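Biologist: Could you take me slowly through one part of this model, the empty spaces and the strands around them? I am in my first year, so please point out where to look as you go.

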Amino acid sequence: MTITQVSLPSKVAGYGPEGDTDNLPMAIAARPDGGSWLAWLGTDGKVHLGRLGCDDKLVGTPTSFTGIDLQDVQADAKGGVVLLTRKGDCGGGSLCGGTSSPCNTMHMIRFDLNGKLVWERQVTNLTGGRTGYDDGARFIWWYQHHGRLATNGSDWAAYFGVAITVKNGSCVDVHEGDRMQVVSAAGKLLSGHRDAFEVGCSHAWTSRVVWDPRTKRFVGVCATDNACRIAQPNPYRTVAAGTCDGTLFGGDLVLAKSSGYWTAWSQGGKVRLERFTTGKSTSTISTGVGSAHPHLVSYGAGRMLLSWQSGTGMAAQVYDAGTGKPVGARLSIAVKDHSYQAFKAYADGSAAYPAAGASASAVRIARVLPQA
């Protein structure tokens, strides 16, 4: 285990209350060369991007992009993509009830190995004269809107919570669901992609996505109050049944050994692992962990790492990605947890997590080293 303090040239947005509608302060991506891209939400209306070496220390001068909220960052051999939110326009339409809120947009930002812009693509649909309060709009409101990225090495998928505008007589209602959009290597929106959809789960939160090279599909799971469950979207397929008591939370999604997937989730502060292929779980692991917001990441060959808040820090346990059995003893990680931030897996078998630093202009990178 290593924990590296990284001083940054600009301030990082604070954790806040960590609700599902609050801003995400930071995200990390594993580069193929063993280093990382670190993205953080500044206090200046920008999302900043810095390159970290294999020692998790900052290399060179960070770049930045206009953005009011950060969602995720992922990398490939040519650079990477950051998913972020920008200010949009509600227009002149009228709500049928409730209070007006910002109508924002979600964007993929493609950057090169120097962190410079290559292309940008909106994955909501406030374009061509359509504003947030127009029928058929898909935008980012106050509703849960966090998202994640996945790539097949060429195309990029963004899966995120979205606001849905529906005409209701002379006014409009705004609902909430989720949306997956796929963008090509050239920045073209692939509207006909078989894994893309306008709305998958509704209402939805904790949208998680992974690329499965074995099936050549982008696979997602959500938490939803539609029958109160962890589900696969488009169409609905129940992975695990829950209840709508305000504690249902979907953790991350990883590939299982050989075939299928594992997802972590919690209900009533009890963390479970579910293995599934399509739809209903075929194996449930009661971890004995008491936590509201679990994280899960692939960890070397055939293993996965479950982590959670423990006191003022975090704890973790390695599991076999085939059987779901624990491997070794629990680990302590001396950094502050955030409900919606994620560990990322590295080619050397390690996993890294970005966390609040000792000051507003610093972060800590917790790296769980490869297991023998």
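**Pockets, cavities and their walls**

Modeller: Let's start with the lining of the second largest pocket, whose residues divide into six nonpolar, eight polar and six charged. Please keep in mind that this is a predicted model. The pocket itself has a volume of about 330 Å³. Its lining has 20 residues, and the closest to the centre are Arg217, Phe218, Val219, Gln232 and Arg237. Find those five on your screen and you are looking at the middle of the pocket.

Which strand gives the largest share of this lining? Strand β15, residues 217-224, does so with four residues. Arg217, Phe218 and Val219 all fall within that stretch. Gln232 belongs to strand β16, residues 229-232, and Arg237 to strand β17, residues 237-241. Let's follow these strands in turn.

Strands of a sheet pair through backbone hydrogen bonds, either parallel or antiparallel. Here β15 and β16 pair in the antiparallel sense over three bridges, and β16 and β17 do so over four bridges. Alanine 231 of β16 is a handy landmark: cysteine 222 stands opposite this alanine, and threonine 238 is its bridge partner in β17.

Are the residues of β16 buried or exposed? Both faces of β16 are covered: Arg229 and Ala231 are buried on one side, and Ile230 and Gln232 are buried on the other. Notice that Gln232, one of the residues closest to the pocket's centre, is among these buried residues.

The turns are worth a look too. The hairpin of β15 and β16 has four residues between the strands, and alanine 227 takes a positive phi there, near 65 degrees. The hairpin of β16 and β17 also has four residues between its strands. In that hairpin, asparagine 234 has a positive phi near 50 degrees.

Now move over to the largest pocket, which holds about 880 Å³ of space. The lining has 35 residues, with Gln74, Val210, Trp211, Ser298 and Ala345 the closest to the centre. By class, this lining has 20 nonpolar, seven polar and eight charged residues. Several strands supply at least two lining residues each, among them β6 (69-76), β14 (204-212) and β18 (249-255). Others that do so include β11 (147-151) and β26 (344-345).

Let's stay with β18 for a moment. This strand belongs to an open sheet of four strands in the order β18-β19-β20-β21, with antiparallel pairing. The edge strands, each pairing on one side only, are β18 and β21 (283-290). On average, neighbouring strands of the sheet are turned by 20 degrees against each other, direction ignored. β18 meets strand β19, residues 261-267, over five bridges, and glycine 250 stands opposite tryptophan 265 there.

Next come the enclosed spaces. Rolling a probe the size of a water molecule over the atoms shows where empty space is left. How many cavities of 30 Å³ or more does a search of the whole structure find? The search finds two. The largest cavity has about 60 Å³ of space. Its lining includes Leu24, Met26, Gln71, Arg148, Tyr340 and Pro354. β2 (26-30) and β6 are the elements that give two or more residues to this lining, and β2 gives the most, with three. By class, the lining has seven nonpolar, two polar and three charged residues.

The second largest cavity has a volume of about 50 Å³. β11 and β14 each supply at least two residues of its lining, which by class has two nonpolar, four polar and two charged residues. Leu24, Gln71, Arg148 and Tyr340 appear in the linings of both cavities. You may also recall that β6, β11 and β14 each supply residues to the lining of the largest pocket.

One last stop: serine 350, in the loop between β26 and β27 (351-356). Why do we call serine 350 buried? Its relative accessible area is 1%, and buried means under 20%, so serine 350 counts as buried. The side chain of this serine makes a polar contact of 2.7 Å with the side chain of aspartate 348. A polar contact of 2.8 Å joins the serine 350 side chain to that of arginine 367.

Notes: Residues numbered from 1 in each chain as written. Predicted model: local features only at pLDDT ≥ 70, side-chain atom pairs only at ≥ 80, totals over all residues. Heavy atoms only, no water. 1 Å grid on protein atoms, 1.4 Å probe; cavity = no way out; pocket = protein on both sides within 12 Å on 5 of 7 lines; lining within 4 Å. Points joined across faces, edges and corners; volume = space filled by probe spheres on them. Nonpolar A, V, L, I, M, F, W, Y, C, P; charged D, E, K, R; others polar. Pairing = 2+ DSSP bridges. Axes fitted to C-alpha atoms, helices over the stretch in contact; angles between N-to-C directions. Buried < 20%, exposed > 50% of the residue type's maximum accessible area, 1.4 Å probe, protein only. Polar contact = N/O pair within 3.5 Å; in protein donor to acceptor, adjacent residues only side chain to side chain.
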